[in-house]
Amino acid sequence: MSTTYANAKSILGENCIGPEELAVQGSSFRFGSECPPVPYSVEQLEQHAVSSVLVFTPAHDADGSPVTLNSLRTLFGIDPAVSEPCFYNQDWYLKEPFAAEATLDGGWHLIRREALEEVRAMLPEEIENALPATEVFPTAVTCAFAFFAYWFATGGNMLWRHDFIWCSDRDHNGDRIYVGRYEDPMQMNKNGFNIHRHLRLKPIHTAAPETVPVDHLGKM
């Protein structure tokens, strides 16, 4: 059962981000995709009105080019001294399929605005197994778009300001992608939307211990 964009806006308020919200003054978004009906029922939207944000993710920009993680990176840049919001200055993922090839789907996504406290420090596979059937990890490009869209639509509010969010994507080695944490709470790193991968233990991970002299053992 679906509902209309207008009805979704009346239920979620500023937590509904569609074409009108993406076109706010000052936004860098220039997208031309048509907006489909919202695929969630009124009951679902009411249930998640406080905890989640509903975001329309256009498949193409104004010139018809597909929207990828890399195209968003080009749009928003990587230097907070030049403009914010921006991506964190990393380049390891630029040739990865999840960044260079995976695109937004032209649909609506209902994503939690805050990290789940009860699953902190759990492995992503454990979290996935514990989620209800109606919840899945979003893609990295969906998370990135939602972050920037929410910033502009709400006048600078942030999703996952200090938290990393697991994604459904994996890199070419099968390592899980996680994103987010725009601000480093320790203030050691510059601002920017982060893209990282979680290394799985593989046969290539081993050890090469160092032997210490016997007469050093009592000093350790």
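**Notebook: salt bridges, sheets and cores**

I began with Arg176, which forms a salt bridge with Glu125; their closest N and O atoms lie 3.6 Å apart. Arg176 sits in strand E5 (residues 176–180) and Glu125 in helix H6, so this pair ties together parts that are 51 residues apart in sequence. The model I am reading is a predicted one.

**Entry 1. Surroundings of the Glu125 pairs**

I asked whether Arg176 is buried or exposed. Arg176 counts as buried, because its relative accessibility is 3% and the limit for buried is under 20%. Glu125 is partly exposed, at a relative accessible area of 32%.

I then looked for a further partner of Glu125. The side chain of Arg170 also meets Glu125 in a salt bridge, at 3.3 Å from N to O. This pair, too, links distant parts of the chain: Arg170 belongs to strand E4 (residues 164–170) and Glu125 to helix H6 (residues 124–130), 45 residues apart. I recorded Arg170 as partly exposed, at 35% relative accessibility.

**Entry 2. A pair at the E4–E5 loop**

Which residue forms a salt bridge with Asp171? I found Arg197, with 3.0 Å between the closest N and O atoms. Asp171 is in the loop between E4 and E5, whereas Arg197 is in strand E6 (residues 194–198), and the two are 26 residues apart. Asp171 counts as buried at 6% relative accessibility, and Arg197 as partly exposed at 30%. I noted next that salt bridges with shared partners join Glu125, Glu128, Arg170 and Arg176 into one network. The count of salt bridges comes to 12.

**Entry 3. The E4–E5 hairpin**

I turned to the strands that carry Arg170 and Arg176. E4 and E5 pair in the antiparallel sense over 4 bridges. Ile165 has Val179 in E5 as its bridge partner. The hairpin of E4 and E5 has 5 residues between the strands, and there Gly174 takes a positive phi near 90°.

**Entry 4. The three-stranded sheet**

I asked in what order the strands of the open sheet of 3 strands run. The order is E1-E2-E3, and the pairing is mixed. Strand E1 (16–17) and strand E3 (107–112) are the edge strands, each pairing on one side only. Strand E2 (residues 52–57) pairs with E3 in the antiparallel sense, over 6 bridges. Within that pairing I found Val53 opposite Ile111 in E3. Helix H7 (residues 140–153) packs on the sheet and touches E1, E2 and E3; the directions of H7 and E2 make about 105°.

**Entry 5. The nonpolar cores**

I asked how many residues the largest nonpolar core has. It has 49, and those with the most contacts inside it are Leu54, Phe87, Phe147, Trp160, Phe193 and Ile195. H7 gives the largest share of this core, 12 residues.

I followed one of these residues, Phe193, outwards. Leaving aside residues up to four places away in sequence, its contacts include Phe87, Phe147, Phe148, Trp160, Val179 and Tyr182. Val179 is thus a contact of Phe193 and the bridge partner of Ile165. Apart from the largest core lies another, of 6 residues, among them Val119, Ile127, Leu131 and Phe137.

**Entry 6. Thr3 and Val38**

I went last to the segment before helix H1 (5–12), where Thr3 lies. Thr3 is buried, with a relative accessible area of 9%. The side chains of Thr3 and Asn7 are joined by a polar contact of 2.9 Å. Residues up to four places away in sequence aside, Thr3 touches Pro37, Val38, Tyr40, Val42 and Leu45.

Where is Val38 placed? I located Val38 in the loop between helix H2 (19–22) and helix H3 (42–47). Val38 is buried, with a relative accessible area of 0%. Thr3 and Val38 are 35 residues apart along the chain, and 5.3 Å separates their C-alpha atoms. Beyond residues up to four places away in sequence, Val38 touches residues including Thr3, Tyr5, Ala8, Leu54 and Trp108. Among these, Leu54 is one of the residues with the most contacts inside the largest nonpolar core.

Key:
Residues are numbered from 1 along each chain as its sequence is written. This is a predicted model: local features need pLDDT of at least 70, side-chain atom pairs count only at pLDDT 80 or more; totals for chains, interfaces and linings use all residues. Side-chain values use heavy atoms; hydrogens and water are left out. A salt bridge is a side-chain nitrogen of Lys or Arg within 4 Å of a carboxyl oxygen of Asp or Glu. Buried means under 20% relative accessible area, exposed over 50%, partly exposed in between (1.4 Å probe, protein chains only). Two strands pair if DSSP finds at least two bridges between them. Contact means heavy atoms within 4.5 Å. Axes are lines fitted to C-alpha atoms, for helices over the stretch in contact, and angles run from 0 to 180 degrees between N-to-C directions. A polar contact is a pair of N or O atoms within 3.5 Å; within protein, one must be able to donate a hydrogen and the other to accept it, and residues adjacent in sequence count only if both atoms are side-chain atoms. A nonpolar core is a set of buried Ala, Val, Leu, Ile, Met, Phe, Trp, Tyr and Cys residues joined through side-chain atoms within 4.5 Å.
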